[in-house]
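Q: Please take a close look at one part of this structure, the sheet, and describe how its strands are arranged and what surrounds them. A connected account would be preferred to a list.

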Amino acid sequence: MKTRLRFAPVLAFGLLAGCGSEPAPAPEPVVAAPDAQARAQAAMKDFSERLRGRLREAMTRDGAPAAVDFCQLEAPRIAEQVMAEHGVRLGRVAVPGRNRNPGNVAEGWLQELAVSFQAAVDTGGAPEAQVAVLRESVPPGVELRMARGIRVEAACLMCHGDNIAPEIAARLAEHYPQDRATGFREGDLRGLIWSEVPTNPETTP
Ligand code: HEC
């Protein structure tokens, strides 16, 4: 059937998107200390790509409702692995008041950035174009902080949109009774991916 052939690529594209991945490559901000910035960027890219790949596998193998469990278990593990490999701290946070996992609430510098990214998106900016690289007013032991906006894509809506299938909604309710990460629309700012590079000249590549 033609319908089926048309649908297949859409589904395949959907599966490429991760539970916390972003579609577009980040613009390259220009600042001093390219080493620290390159490390932050490489780690963030790795994190996104691994989440994408592993979520795609989980959805293909076990189906979308089971992929909810995958996101809960694997997203933090993947973050741990990437942090260890790149020697940075890193994670994802939600825009204020819209988190799923209470551990992903934006605080401090991330809360400030989330507010300003949201303001920029509200006035027409693209979520994925919101990038910040901070070298001033970082705590001792930190060389650089970086964050980038995460855009809501069509593929995210099955778990973050308005019309969530009952079996997915049931899994979400089970794991996240306080879930505030639904009701998003395509093109919204979903949250921030961030990375923090420690001051450590010996590990600079
Ligand atoms: C299969 C369901 C599913 C899909 C599809 C999905 N997510 Fe999620 N998302 C989750 C779950 C579950 C969590 C909570 C993970 C955790 O406990 O750390 C989550 C958490 C997040 C977070 C961390 C902030 C928070 O609220 O906890 C971001 C950011 C995020 N998702 C973005 C996205 C984006 C962007 C897409 C599409 C590219 C997407 N997600 C697709 C299920 C999904």
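A: The account below turns to the sheet, then to selected residues in and around the strands, and lastly to the confidence of the model.

The structure is a predicted model. Its sheet is open and consists of four strands in the order β1-β4-β3-β2, with antiparallel pairing. At the edges stand β1 (89-94) and β2 (131-134), each of which pairs on one side only. From one strand to the next, the twist averages 15°. As a general matter, the strands of a sheet pair through backbone hydrogen bonds, in either a parallel or an antiparallel sense.

Two of the pairings can be described through their bridges. Strand β3, residues 142-151, and strand β4, residues 189-198, are joined in the antiparallel sense over nine bridges. Within this pairing, Met146 has Ser195 of β4 as its bridge partner. The antiparallel pairing of β1 with β4 extends over six bridges. Here Leu90 stands opposite Ser195 in β4. Ser195 is thus the partner of Met146 and also the residue opposite Leu90.

Although β1 is an edge strand, five of its six residues are buried, so β1 is largely enclosed by the rest of the structure. Arg92 belongs to this strand. With a relative accessibility of 18%, Arg92 counts as buried, because the cut-off for that class is under 20%. Arg92 and Gly191 are separated by 99 residues in sequence, yet their C-alpha atoms are 7.1 Å apart in space.

A second arginine, Arg145, is located in strand β3. Arg145 is likewise buried, its relative accessible area being 12%. Its side chain forms a polar contact with the side chain of Glu196, at 2.6 Å. Leaving aside residues up to four places away in sequence, Arg145 touches Trp109, Ala132, Val133, Leu134, Val138, Pro139, Ser195 and Glu196. Ser195, the bridge partner of Met146, is therefore also among the residues that Arg145 touches.

The sheet is accompanied by helix α4, residues 108-122, which lies across β1, β2, β3 and β4. The helix runs at about 140° to β4.

The loop between β2 and β3 contains Ser137. The phi of Ser137 is near 45°, a positive value in a residue that is not glycine. For comparison, most residues other than glycine have a negative phi. Ser137 is exposed, with a relative accessible area of 77%, whereas Arg145 in β3 is buried.

The cysteines may be considered briefly. A disulfide is a covalent bond between the sulfur atoms of two cysteines. Zero disulfides are found in a search of the whole structure. Cys71 is buried at a relative accessible area of 18%, and Cys156 counts as buried at 13% relative accessibility.

Finally, the confidence of the prediction should be kept in view. Mean pLDDT over the chain is 85, and 80% of the residues reach 70 or more. Over residues 1-17, however, pLDDT stays under 50, and the model has 12 contacts beyond four places in sequence for this stretch. Where pLDDT is low, the predicted coordinates should not be read in detail.

Methods: Residues are numbered from 1 along each chain as its sequence is written. Side-chain values use heavy atoms; hydrogens and water are left out. Two strands pair if DSSP finds at least two bridges between them. Helices (H or I, at least four residues) and strands (E, at least two) are DSSP runs, numbered from the N terminus. Axes are lines fitted to C-alpha atoms, for helices over the stretch in contact, and angles run from 0 to 180 degrees between N-to-C directions. Contact means heavy atoms within 4.5 Å. pLDDT is the predictor's confidence in each residue, from 0 to 100. Buried means under 20% relative accessible area, exposed over 50%, partly exposed in between (1.4 Å probe, protein chains only). A disulfide is a pair of cysteine sulfur atoms within 2.5 Å. A polar contact is a pair of N or O atoms within 3.5 Å; within protein, one must be able to donate a hydrogen and the other to accept it, and residues adjacent in sequence count only if both atoms are side-chain atoms.
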